[in-house]
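User: I would like to go through the terms used for this structure and see what supports each of them.

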Amino acid sequence: MSSRKGDRAERWLVNTVEDEFGGYAQRTGASGGATSRNRPDVIVMQDSEAWFVEVKSRTHPDTRFSKEEVHDLQEAAERAGATPLLLVRPSFNKYDQCHAFEPEELKENDKSYSIVNRMLPGRSVGEILTG
């Protein structure tokens, strides 16, 4: 994924959380490898809940997350008392929502975790934030 495409997906999430649901969301400085620390792409807060979100933007929803990426997200979320969340933003030309999954919902492979088309739809951002 190009950095520009990923940045756009992260900004979309921040704007959606804040504009449509009145929550708080912020992209972190670790996005794009700006630091070696384990940080999510976006931190989301709504009421008294927090989510650490790893965002992928793809033209098709089949997506892989490395085991290290998922482990790092889980570790960071645990330290902060947040829920880890993996979000895939497919092309809106074909799909009408983003798909959110917790790590244990992903399909485990030898070197990665994946989200495949048959797992869709995942939960929407609205379903996550409104419980």
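The exchange below concerns a predicted model.

User: Why is Gln-46 called buried?

Analyst: Its relative accessible area is 12%. Buried means under 20%, so Gln-46 is buried. The residue belongs to strand 2, which spans residues 42-46.

User: What makes the approach of the Gln-46 side chain to Gly-23 a polar contact?

Analyst: The side chain of Gln-46 reaches the backbone nitrogen of Gly-23 at 3.2 Å. The cut-off for such a pair is within 3.5 Å, so the pair counts as a polar contact. Leaving aside neighbours within four places in sequence, Gln-46 is also in contact with Phe-21, Gly-22, Trp-51 and Leu-129, among others.

User: Which residues have the most contacts inside the largest nonpolar core?

Analyst: They are Leu-13, Val-42, Val-44 and Val-53, in a core of 17 residues. Helix 1 (3-21), strand 2, strand 3 (49-58), strand 5 (83-90) and helix 3 (125-130) each supply at least two residues of this core. Helix 1 gives the most, with 4 residues. Apart from this core lies another, of 15 residues, including Phe-52 and Tyr-113.

User: How do you know that Lys-67 lies over the face of Tyr-113?

Analyst: Lys-67 is at 5.8 Å from the ring centre of Tyr-113. The distance limit is within 6 Å, so this value satisfies it.

User: How many aromatic pairs does a search of the whole structure find?

Analyst: The search finds 0 aromatic pairs.

Key
Residues numbered from 1 in each chain as written. Predicted model: local features only at pLDDT ≥ 70, side-chain atom pairs only at ≥ 80, totals over all residues. Heavy atoms only, no water. Buried < 20%, exposed > 50% of the residue type's maximum accessible area, 1.4 Å probe, protein only. Polar contact = N/O pair within 3.5 Å; in protein donor to acceptor, adjacent residues only side chain to side chain. Contact = heavy atoms within 4.5 Å. Core = buried A, V, L, I, M, F, W, Y, C linked by side-chain atoms within 4.5 Å. Phe/Tyr/Trp six-rings, centres within 6.5 Å; stacked < 30°, edge-to-face > 60°. Lys NZ or Arg CZ within 6 Å of the ring centre and 35° of its normal.
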